[in-house]
Amino acid sequence: GDLDGQPSERPHVGRLGSAVDLPEEIPGDALQEQIAHLINFERLLGTVCAFSEEVASLARRLAEAPSAMLAGVGDGAEALCDGATGRPLLPDLAGQLEAWSARLQSGASHLEKMEELAARAREKTGAADAKLQERLHAWRPKARADKEAGALRERFGKSFTLEEKKELLQQKHRANEAFKKVSEEASQAVEDALSQQLVLGAVLSEMCMYVVEVFHGSQGFARDFADMAKRLAAARPAPREAAAADAPGDALESGVSASSAASEPRRGLREHLSRAWAAA
């Protein structure tokens with residue numbers, strides 16, 4: 001960039017997204033290759049973190065969906081009966097869905113481990129990124145001091161006093177030493193971050209274990225749901241009498257008065273008492 005203007009800062013590693021090409025901030029930068037590897041590593045870590053977060057979120061939503069659906073069924077749980085046995089089907093379906101929900105959540109610990117390992121590695125990439133930014137800021141005074149000290153060698157340029165020459169050379173030395181020091185620190189920080197690449201194996205291993213946990217023994221689930229699908233396809237509505245007995249309030253909507261519906265239990269009680277008195 002132009003030394004007299006504002007620095008065109010290198011994008012932070014953690015914010016690069018899909019960018020890989022690095023701006024030529026420092027001509028002939030000795031760390032250019034290291035930085036390129038760091039950016040690729042950080043991008044991969046970001047992708048893994050996004051994957052684990054998305055899968056965890058999806059698993060939670062899928063696990064909650066059956067409960068929400070069955071809560072909406074409410075009093076209609078007796079509406080469908082098994083065509084062969086006459087037993088209500090929805091309670092059986094509810095049990096299967098609850099087991100499915102638990103299975104989806106069973107691998108949550110592996111997703112959490114994925115995020116934990118990736119986050120630990122990203123702490124290193126973040127530290128390296130911060131040190132690279134510090135190095136970039138140290139480059140500007142070094143480049144300026146080099147340029148000003150270079151004027152001392154020009155044959156037809158400005159004349160400098162001995163004190164001015166001494167100050168320019170000292171300034172150049174200080175700027176170069178500061179840049180050298182922060183460059184060594186940045187190089188070490190990048191190497192520390194890249195040493196975390198082995199963590200990727202552990203992260204992706206946890207991903208595989210999540211899949212194993214969720215789908216292990218899934219053949220049994222598949223058979224149960226296939227059987228339920230057949231039973232639901234052949235289901236028949238519950239008898240109207242049973243539905244009315246289970247839901248007295250519905251009798252009013254079907255034209256039966258509240259008093260006649262309420263009299264049925266009392267009539268049964270009177271008949272029972274009459275038979276008891278006769279026997280006595």
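**Exercise 1. Count the salt bridges in this predicted model, and state the rule behind the count.**

Solution. The rule comes first: a salt bridge is a side-chain nitrogen of Lys or Arg within 4 Å of a carboxyl oxygen of Asp or Glu. Applied to the model, this rule gives 13 salt bridges. Because the model is predicted, local features need pLDDT (the predictor's confidence in each residue, from 0 to 100) of at least 70 and side-chain atom pairs count only at pLDDT 80 or more, while totals for chains, interfaces and linings use all residues. Residues are numbered from 1 along each chain as its sequence is written, and side-chain values use heavy atoms, with hydrogens and water left out.

**Exercise 2. Describe the salt bridge between R122 and E42, and say where each residue lies.**

Solution. Begin with the distance: the side chains of R122 and E42 form a salt bridge at 2.5 Å, N to O. Next, place the partners in the helices (DSSP runs of H or I, at least four residues, numbered from the N terminus): R122 belongs to helix α3 (residues 108–150) and E42 to helix α1 (residues 32–73), so that the pair, 80 residues apart, links distant parts of the chain. Finally, consider accessibility, where buried means under 20% relative accessible area, exposed over 50%, and partly exposed in between (1.4 Å probe, protein chains only). R122 is partly exposed at 29%, whereas E42, at 5%, is buried.

**Exercise 3. Work out how R120 and E116 are placed in helix α3, and how accessible each of them is.**

Solution. The closest N and O atoms of R120 and E116 are 2.8 Å apart, and the two residues form a salt bridge. Their spacing follows from the sequence: because R120 and E116 are four residues apart in helix α3, about one helical turn separates them. R120 has a relative accessible area of 43% and is partly exposed, and E116, at 38%, is also partly exposed.

**Exercise 4. Which helix holds both E185 and K181?**

Solution. Both residues lie in helix α4 (residues 162–194), four residues apart, which is about one turn of the helix. Their side chains meet in a salt bridge of 2.6 Å, N to O, and E185 is partly exposed at 28% relative accessibility.

**Exercise 5. Name the residues linked in a network of salt bridges.**

Solution. The network of salt bridges links D82, R87, D92 and R231.

**Exercise 6. Assess the confidence of the model along the chain.**

Solution. The protein chain has an average pLDDT of 76, and 72% of the residues score at least 70. Residues 1–24 have pLDDT below 50, and beyond near neighbours in sequence this stretch has 47 contacts (heavy atoms within 4.5 Å) in the model. Residues 247–280 also have pLDDT below 50, with five contacts beyond near neighbours in sequence.

Definitions and conventions. Helix = DSSP H or I, 4+ residues; strand = E, 2+ residues; numbered from the N terminus.
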